[in-house]
Amino acid sequence: MILIADSGGSKTDWVLISLPTDNSKCVLKVRTQGLNPFHQSKDVILKALEEELMPALYKAAEQSGTFSKEYDIAEKVTQIAFYGAGCTKALSPIVGEALAIAFPSASIKVESDLLGAAHAVCGHEEGIACILGTGANSCLYDGEQIVANIPPLGYILGDEGSGAVLGKMLLNGIFKGDLPTEIRDLYLEWSGLTYSEIIDKVYRQPLANRFLASSSKFIKDNLQYAELEGLVRYNFDTFFKKNILKYTMSSIRVISAVGGIASAFEEQLRASADSFGYQVGKVLSSPIDGLIEYYS
């Protein structure tokens, strides 16, 4: 049995698959909190594995009739592939050590979420793989490993193309008066927030990037306004200028992407790509299904 995980800041998608000789069969899919070694210690991650992941796997197994609680999942898992935000070479051992305690019989690989995205959308073929979600990132991939990466720099200094930057542009346009008052009033009604509460969420509350990115749903629901679609296109155009066009060492002209922003605004992403002489290949809202295929 192989356990695969894709972990972001807020959630981790897990899939437990079996690999019979004829074809891969998905057994169980569950979700837990995000596990990030930049923010969490080995003990905190281990606690989440023991108190969230294992009960979730057994509950899903019971509901599906896959196996009973007497079946020892921890001993039966032989391989783990964990892809996560914050999983740099220096910090990956924190996750690996926690997984080794929870799954003592498994060989364990801990890699970055960006490599997970590349494996999900490119498989074993070379390409340009992107993450376009709350944050944004990209890489040049040779079919096995990342060979070049333009640093994303986070939503304050970079993250062009992300949901957080899209939210920044929306709020800036609303309160600077660059967007019509109709859109401003519609957003304030939709969010139920005042100007002061928005400032508080951005500058005083934790996880401002998630708050900013949450505005992307408002934009998606109101794309009939040309000004909002213009924000989306400008966000993607900047992503290409600041990131994709920098891979001058490659002749590849197809990008593939994972993430909620790529999925929600796929039409605008394809239009931006076309304007820069690129095509968009595979687009996945989450890399987990692509990772199942990769490990098949």
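In which sense do strand 4 and strand 5 pair, and over how many bridges? Select residues 79–84 for strand 4 and residues 107–112 for strand 5: they pair in the parallel sense over 6 bridges. Two strands are said to pair if DSSP finds at least two bridges between them. Helices (H or I, at least four residues) and strands (E, at least two) are DSSP runs, numbered from the N terminus.

This is a predicted model, in which local features need pLDDT of at least 70 and side-chain atom pairs count only at pLDDT 80 or more, while totals for chains, interfaces and linings use all residues. Residues are numbered from 1 along each chain as its sequence is written, and side-chain values use heavy atoms, with hydrogens and water left out.

**Strands 4 and 5**

Stay on this pair and pick Ala81; its bridge partner in strand 5 is Lys109. Now add residues 92–102, which form helix 3: the chain passes through this helix on its way from strand 4 to strand 5, in a right-handed β-α-β crossover. Right-handed means that, with the strands pointing away from the viewer, the path from the first strand over the helix to the second runs clockwise.

**Val44**

Next, select Val44 in helix 1 (residues 42–64). Val44 has 41% relative accessibility, so it counts as partly exposed. The classes are buried (under 20% relative accessible area), exposed (over 50%) and partly exposed in between, with a 1.4 Å probe and protein chains only. From Val44, go to Ala98: the two are 54 residues apart in sequence, and their C-alpha atoms are 8.9 Å apart.

**The open sheet**

Move to the open sheet of 5 strands, whose order is 8-7-6-9-10 and whose pairing is mixed. Strand 8 (146–148) and strand 10 (279–284) are its edges, each pairing on one side only. From one strand to the next the twist averages 35 degrees. Strand 7 (residues 136–141) runs antiparallel to strand 8, and 2 bridges join them. Leu140 has Ala148 in strand 8 as its bridge partner.

Add helix 10, which lies across strand 6 (127–132), strand 7 and strand 9 (254–258), at about 135 degrees to strand 6. Axes here are lines fitted to C-alpha atoms, for helices over the stretch in contact, and angles run from 0 to 180 degrees between N-to-C directions.

**Ser256**

In strand 9, select Ser256. Is Ser256 buried or exposed? Its relative accessibility is 7%, so Ser256 counts as buried. Leaving aside residues up to four places away in sequence, Ser256 touches Val121, Ile128, Ala129, Cys130, Gly281 and Lys282; contact means heavy atoms within 4.5 Å. A polar atom of the Ser256 side chain lies 3.1 Å from the backbone nitrogen of Lys282.

**Helix 6**

Select residues 163–176 for helix 6, which has 14 residues and reaches 20 Å from its first C-alpha to its last, close to the 20 Å expected at 1.5 Å a residue. That expected span is 1.5 Å times one less than the number of residues. Helix 6 is largely enclosed by the rest of the structure, because 10 of its 14 residues are buried. Among them are Val165, Leu166, Met169 and Leu170. To see what covers them, show helix 7 (181–191), helix 8 (195–203) and helix 9 (208–221), which are among the covering elements.

At the start of helix 6, look for Ser162: one of its side-chain oxygens comes within 3.5 Å of the backbone nitrogen of Ala164. Just after the helix, Gly177 takes a positive phi of about 85 degrees.

Notes
Polar contact = N/O pair within 3.5 Å; in protein donor to acceptor, adjacent residues only side chain to side chain.
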